[in-house]
Amino acid sequence: MTKWVYGFGNGDADGRADMKSLLGGKGANLAEMSKIGLPVPPGFTISTEVCSYFTANANRYPDDLKDQFLAAMTEIEAQVDAKFGDVANPLLVSVRSGARASMPGMMDTVLNLGLNDETVEGLAARAGDPRFAYDSYRRFIQMYANVVLGAEHERFEHALEIHKENKNVDLDTDLDADDWKSIVATYKAIVDEEIGQPFPQDPVEQLWGAIGAVFKSWMNQRAITYRRLHRIPESWGTAVNIQAMVFGNMGEDCATGVAFTRNPSTGENAIYGEFLINAQGEDVVAGIRTPQNISLAGKQAEQSDLASMEEVMPALYNELMSVRTMLENHYQDMQDIEFTIQQGKLYLLQTRSGKRTTPAAVRIAVELAQAETISQADAVLRVDPSQLDQLLHPMLDPNAEKNVLTQGLPASPGAASGKIVFTADAAETAGQGGEDVILVRAETSPEDIHGMHAAVAILTTRGGMTSHAAVVARGMGRPCVAGAGELSVDAKAETLTKGNIVLRAGDVITVDGGTGEIMEGAMPTVTPELSDDFDTLMSWADKYRRMGVRANAEVPADARIAVEFGAEGIGLCRTEHMFFDPDRITAVRRMIMADDEIGRRAALDELLPYQRDDFTELFQIMNGLPVTIRLLDPPLHEFLPRTEEEIAQVASLAGIVPEAMRRRVVALHESNPMLGHRGCRLGISYPEIYEMQARAIFEAAADVEKKDGQPVKPEIMIPLAATEKEISILKDVVDKTAATVCEERGTEIEYSVGTMIELPRAALAAGKIAETAEFFSFGTNDLTQTTFGLSRDDSGSFLGDYQRLAIMEDDPFATLDTEGVGELISIAVERGRATRSDLKLGICGEHGGDPRSIKFCETVGLDYVSCSPFRVPVARLAAAQAAIGLSADDKAAAAD
């Protein structure tokens with residue numbers, strides 16, 4: 001017979017803390033607390049397996065559940081000396097959800113279950129307090145009617161407020177027993193009117209109704225949304241916890257509260273929490289009464305006039321402090337505790353690992369490890385890498401009021417306020433004048449790079465989390481909100497519109513790249529400071545990780561940030577971004593307009609000093625660390641003007657007639673430029689472009705080595721190769737250029753030539769390609785596009801539907817698709833290293849900063865990941881966690 005029900009209480013339990021998958025977090029921890037001798041009201045847990053059965057079988061229960069349920073109820077009755085449904089001595093219970101992962105507020109709870117018109121009198125007589133009994137009854141009716149029967153919560157609240165107004169009182173505690181009797185009658189009438197049937201009086205019917213409601217709440221919309229946001233599988237289900245009620249609302253020697261064993265905002269090792277005298281749990285969070293601080297120190301910190309628990313209930317405060325120490329030592333983590341005091345006795349209703357801010361998470365993990373409560377490896381595992389973004393970017397002052405205009409996608413974290421500008425040139429001009437501006441575009445292109453760099457934030461109405469705007473903004477550390485589809489941009493009229501609201505160039509807005517919110521006006525921000533605890537945690541992470549962590553950077557400022565954050569080199573330098581600089585774009589366009597190689601080389605000679613200076617500064621900043629430089633990748637038409645006004649202006653600067661420029665723009669137009677004349681295909685057609693770039697690299701390397709005595713390790717990467725022959729031809733261009741420069745400078749330069757694996761064919765032909773390529777860097781942005789046949793700039797309009805229907809669990813441009821794209825990477829790794837055992841392997845797409853993708857990279861044995869500078873600490877921590885996890889898996893496999 002399957003065991004569906006697990007009891008707990010009286011110092012014993014059927015379950016334990018490691019049974020969360022079966023008992024849910026709440027049930028497992030109630031069992032554990034009971035086993036270690038803490039005062040837990042007796043009860044039982046109906047397992048998550050019943051939820052799965054219930055959901056799969058049209059809301060029916062297993063046939064043998066009822067007998068186990070009745071036996072468990074009998075055990076509770078024996079422990080508390082009361083009987084469920086008994087008129088004179090009624091047992092009342094709470095019914096609470098309890099999923100494997102904490103989902104606060106997402107599912108349903110019912111308290112005081114078992115009350116009816118008769119048992120309420122028995123409760124009043126037993127307690128000697130009719131006011132308490134009818135207060136409990138009205139709470140039960142309201143909660144049950146809302147959770148189980150579907151009545152609107154607001155109608156009950158409104159009726160209560162009307163009654164208090166008529167009595168000319170403000171607080172619930174000002175009402176007496178007769179008031180609560182009257183309100184009970186009103187509530188029952190509301191149920192009759194809303195539901196079309198009387199409030200149920202049979203306690204057994206009430207209980208099964210509540211159990212069913214909790215199981216159904218697993219599939220309510222807020223729970224579904226929460227699971228999607230937090231990646232909690234639907235298959236986990238929820239448990240149901242049925243527990244004897246204890247009452248915090250029986251009088252002045254009763255209370256209810258919530259406590260954290262450490263401060264969840266700062267991580268300070270001091271109890272933190274609130275309580276209310278003569279109240280039930282929901283009163284603490286409802287805001288009807290102002291909660292009191294648990295500790296005197298907390299009261300003083302908040303400058304509260306209300307007495308603390310330490311002052312008014314000192315003995316119980318000391319008992320709670322002992323519980324705090326016991327629980328934290330037992331669970332080896334900061335705990336979130338719910339408690340009730342009934343007539344001077346403390347009861348524990350829940351404990352769980354407490355939610356905390358990132359600064360608090362870092363501090364708590366480090367202090368627990370320093371106290372030798374946990375190991376350094378455990379401390380590294382305790383902090384969510386993704387949350388480190390909170391520490392690295394300015395964020396909105398959480399205490400400031402917000403006037404939210406709309407919400408887009410949180411494409412790059414951080415927050416900033418500035419004046420609206422609609423062109424990259426306007427952003428650059430304003431930025432040079434010292435103004436804070438936000439670049440607002442329908443979508444950005446590589447041509448906007450100078451304006452994006454000048455702006456304090458970027459806002460686009462189209463595009464997704466891995467659109468051009470998002471990728472570049474993350475690389476620059478700029479806040480970015482993308483895909484704000486409720487907004488309309490008219491770049492010509494310079495207006496940003498939502499409905500009747502029209503904002504113009506120069507108007508101030510605020511964007512929050514962490515939430516996707518866009519607000520009118522300026523908002524105050526705060527800049528988090530990196531603590532010593534952060535440095536300690538990162539040093540531990542570096543000790544455990546195997547993979548290197550590099551940064552994607554081509555701008556000196558980004559390279560410096562990368563080094564400050566611990567990058568071990570540059571994994572992707574996009575040389576095309578350098579070409580868009582205003583000082584050199586004219587020469588680039590002359591090169592494109594040239595009719596022959598002689599003309600192209602003349603223009604490239606103008607570009608050579610600029611490129612050499614670019615690389616010289618990067619090499620100096622990186623101080624001997626490897627720098628992977630991708631040769632020119634985008635199609636040439638991206639460098640040409642688009643509008644007639646721009647064509648005329650550029651033609652004048654280039655010394656040609658506008659018609660010639662117009663013809664060239666038309667000639668270079670491609671229907672699908674992503675798969676067109678770009679990447680190494682440009683090098684094949686115009687090898688002089690790659691020759692100039694290679695010369696700039698080697699001359700810069702020679703200059704830095706000679707001037708600074710620094711070893712330089714350029715890694716030259718050929719993009720978008722599909723065949724070994726492409727790489728062989730272009731490697732020959734690079735090698736000949738290197739030999740020429742070395743002869744001219746009288747030096748030797750250590751370098752390597754590799755390729756970016758971003759096409760399925762290249763992954764499959766990796767064994768042949770590795771005969772020539774000395775390293776692979778997986779460009780997973782394009783590899784994902786070419787594997788799925790998706791455009792990352794356009795797929796945002798429908799990927800949400802795919803995730804909602806579980807066709808895709810994640811956005812494949814945000815988290816690596818391990819089944820398809822990951823399989824191609826695995827094949828390329830295996831075949832490449834079979835040919836060249838010392839083949840260096842890395843990843844430089846956006847996935848290089850995604851913790852779950854980094855875990856995959858560890859699994860397949862990549863040598864490094866490369867990500868935007870501001871995500872370097874995220875990658876360092878994620879790489880350490882992946883290595884620790886893989887090591888643990890290896891040990892477990894060896895033990896088996």
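Analyst: Welcome! Two strands count as paired if DSSP finds at least two bridges between them. In this predicted model, strand 27 and strand 28 (residues 570–574) are joined by two bridges and pair in the parallel sense. Within that pairing, A551 has I570 of strand 28 as its bridge partner.

User: In which sense do strand 27 and strand 34 pair, and over how many bridges?

Analyst: Strand 27 and strand 34 (residues 864–867) run parallel, with four bridges joining them. One place to look is V549, which stands opposite V865 in strand 34.

User: Is strand 27 mostly covered or mostly open?

Analyst: For this step you need a cut-off: a residue is buried when its relative accessible area is under 20%. By that rule, five of the five residues in strand 27 (residues 548–552) are buried, and the strand is mostly covered. Look at the two faces in turn: G548, R550 and N552 lie on one side, V549 and A551 on the other, and both faces are covered.

User: Let's move to a whole sheet. What is the strand order of the open sheet of six strands?

Analyst: The order is 2-1-3-8-6-7, and the pairing is antiparallel. Strand 2 (12–13) and strand 7 (109–113) are at the edges; each has a single partner strand, so one side of each has no neighbour in the sheet. Helix 8 (residues 203–217) packs on this sheet and touches strand 3, strand 6 (93–99), strand 7 and strand 8 (238–244). The direction of helix 8 makes about 145 degrees with that of strand 8.

User: Which residues stand opposite each other where strand 1 meets strand 3?

Analyst: Strand 1 (residues 5–9) and strand 3 (residues 43–46) are antiparallel and share four bridges. Y6 faces T45 in strand 3, while F8 has G43 as its bridge partner. Strand 3 also runs antiparallel to strand 8, again with four bridges, and there F44 is partnered by I242. Both faces of strand 3 are covered, with G43 and T45 buried on one side and F44 and I46 buried on the other.

User: Where are the edges of the open sheet of three strands, 21-22-23?

Analyst: This sheet is antiparallel, and its edge strands are strand 21 (488–490) and strand 23 (501–504), each pairing on one side only. Neighbouring strands here are turned by 20 degrees against each other on average, direction ignored. Strand 21 is joined to strand 22 (residues 495–498) by three bridges, and D490 stands opposite T495.

User: Now for charges. How many salt bridges does the whole structure have?

Analyst: A search finds 54 salt bridges. One of them joins D135 and R138, with the closest N and O atoms 2.9 Å apart. Both residues lie in helix 5 (residues 130–147), three residues apart, about one turn of the helix. D135 is buried at 3% relative accessible area, and R138 is buried at 5%. The two also belong to a network of salt bridges with R139, E161, K164 and D172.

User: Which elements hold E715 and K840, and how far apart in sequence are these parts?

Analyst: E715 forms a salt bridge with K840, the closest N and O atoms being 2.8 Å apart. E715 is in strand 30 (residues 713–718) and K840 in strand 33 (residues 840–843), so the pair ties together parts 125 residues apart in sequence. E715 is buried, with a relative accessible area of 4%, whereas K840 counts as partly exposed at 30%.

Methods. Residues numbered from 1 in each chain as written. Predicted model: local features only at pLDDT ≥ 70, side-chain atom pairs only at ≥ 80, totals over all residues. Heavy atoms only, no water. Axes fitted to C-alpha atoms, helices over the stretch in contact; angles between N-to-C directions. Contact = heavy atoms within 4.5 Å. Buried < 20%, exposed > 50% of the residue type's maximum accessible area, 1.4 Å probe, protein only. Salt bridge = Lys/Arg side-chain N within 4 Å of Asp/Glu carboxyl O.
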